[in-house]
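Subject: Structure handover

Hello,

Here is the structure for you to load. My notes on what turned up follow below it.

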Amino acid sequence: AALFHQMDHGGREAMLYDLLEIDHSAIDLRTTPRTGALLDQIIHTMPTVKKFWFERLRAGTLMDEHKEWEVFATTKELHKAYLEFSDNCGERYKIIDRQFGKEIRNLCPKTRRHRVTMSEKQTWVLVFPNLDTCRHDFEQLIKGKIDWEEDIDGQEL
């Protein structure tokens with residue numbers, strides 16, 4: 001009742017006055033504030049291949065069985081890991097191996113594709129820069145800073 005009384009006795013006018021006196025010149029409504037919630041939303045809505053790459057960067061290894069960051073992985077093994085990740089995410093439309101390599105190189109531009117001999121067979125590998133460079137490139141892509149030592153939900157790893 002007190003609020004209605006105040007609004008009916010000059011409260012609306014006082015509020016309008018206060019709103020008109022706010023300095024809006026420093027506010028750019030076309031620029032989205034970069035918050036933790038926005039970062040969560042960006043990651044949640046990424047295509048599966050980007051989510052896969054984000055998870056690899058968070059883990060600090062190219063493959064689950066690796067103990068540390070390796071500078072290369074066969075395209076076949078990495079694509080297989082992506083397919084398993086996609087299955088776990090419930091992705092119905094997975095990208096083929098050739099497109100997968102292109103997507104990874106878009107996510108990490110300093111990555112190079114090479115043909116090498118492994119076990120007497122020619123195999124395609126992706127050669128990556130160091131982990132810090134890959135993480136930096138990913139942050140540039142999403143235009144946000146990620147605390148790589150912390151889980152995305154705020155829990156310590």
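A crossing is called right-handed if the near helix is turned clockwise from the far one by less than a right angle, and left-handed if anticlockwise. Keep that in mind for the helix pairs below. Also note that this is a predicted model.

**Helix H3 against H5**

Helix H3 covers residues 48-59, and helix H5 covers residues 97-107. Their axes come within 10 Å. They cross at roughly 60 degrees. An angle of 65 to 115 degrees would count as roughly perpendicular, and one under 35 as roughly parallel. H3 is therefore oblique to H5. The crossing of H3 past H5 is right-handed.

Which residues make the contact? From H3 come Val49, Lys50, Phe52 and Trp53. From H5 come Phe100, Glu103, Ile104 and Leu107. Sorted by class, the contact has six nonpolar residues and two charged ones. Polar residues are absent from the contact of H3 with H5.

**Helix H3 against H6**

H3 also packs on H6, which spans residues 131-142. The angle here is about 140 degrees, with the axes 10 Å apart. Only angles over 145 count as roughly antiparallel. So H3 is oblique to H6 as well. The crossing of H3 and H6 is left-handed.

On the H3 side the contact uses Lys50, Trp53, Phe54, Leu57 and Arg58. On the H6 side it uses Leu131, Cys134, Arg135, Phe138 and Leu141. The class count is seven nonpolar, no polar and three charged residues. Lys50 and Trp53 of H3 appear in the contact with H5 and again in the contact with H6.

One more residue in H6 is glutamate 139. Is glutamate 139 buried or exposed? Its relative accessibility is 9%, so it counts as buried. Leaving out residues up to four places away in sequence, glutamate 139 touches Gly144, Lys145, Ile146 and Trp148.

**Aromatic pairs**

How many aromatic pairs does a search of the whole structure find? The search finds 10. One of them joins tryptophan 53 and tryptophan 69. The ring centres are 6.1 Å apart. The planes stand at 65 degrees, and the pair is edge-to-face. Tryptophan 53 is in helix H3, while tryptophan 69 is in the loop between H3 and strand S1 (72-74). The pair therefore ties together parts that are 16 residues apart in sequence.

Both partners are buried, on a cut-off of under 20% relative accessible area. Tryptophan 53 has 0% relative accessibility. Tryptophan 69 has 13%.

There is a ring cluster too. Ring pairs link Phe52, Tyr82, Phe85 and Phe100. Two members of that cluster, Phe52 of H3 and Phe100 of H5, are among the residues in the H3 and H5 contact.

**The loop between S2 and S3**

Strand S2 runs over 112-118 and strand S3 over 121-127. Serine 119 sits in the loop between them, and so does glutamate 120. Both have a positive phi, and neither is glycine. Phi of serine 119 is near 55 degrees. Phi of glutamate 120 is near 65 degrees.

Where do these two stand on accessibility? Serine 119 has 72% relative accessibility, so it counts as exposed. Glutamate 120 has a relative accessible area of 80% and is exposed.

**Around helix H2**

Proline 33 lies in the loop between helix H1 (2-21) and helix H2 (36-44). At 57% relative accessibility, proline 33 counts as exposed. Leucine 38 is in helix H2. At 16% relative accessibility, leucine 38 counts as buried. With neighbours within four places in sequence set aside, leucine 38 is in contact with Thr32 and Pro33.

Two C-alpha distances are on file for this part. Proline 33 and tryptophan 69 are 33 Å apart in space and 36 residues apart in sequence. Leucine 38 and histidine 66 are 31 Å apart in space and 28 residues apart in sequence.

Over to you.

Best wishes

Conventions: Residues are numbered from 1 along each chain as its sequence is written. This is a predicted model: local features need pLDDT of at least 70, side-chain atom pairs count only at pLDDT 80 or more; totals for chains, interfaces and linings use all residues. Side-chain values use heavy atoms; hydrogens and water are left out. Axes are lines fitted to C-alpha atoms, for helices over the stretch in contact, and angles run from 0 to 180 degrees between N-to-C directions. Helices (H or I, at least four residues) and strands (E, at least two) are DSSP runs, numbered from the N terminus. Contact means heavy atoms within 4.5 Å. Ala, Val, Leu, Ile, Met, Phe, Trp, Tyr, Cys and Pro count as nonpolar, Asp, Glu, Lys and Arg as charged, and the others, Gly among them, as polar. Rings of Phe, Tyr and Trp (its six-membered ring) pair if their centres lie within 6.5 Å; planes under 30 degrees apart count as stacked, over 60 as edge-to-face and the rest as tilted. Buried means under 20% relative accessible area, exposed over 50%, partly exposed in between (1.4 Å probe, protein chains only).
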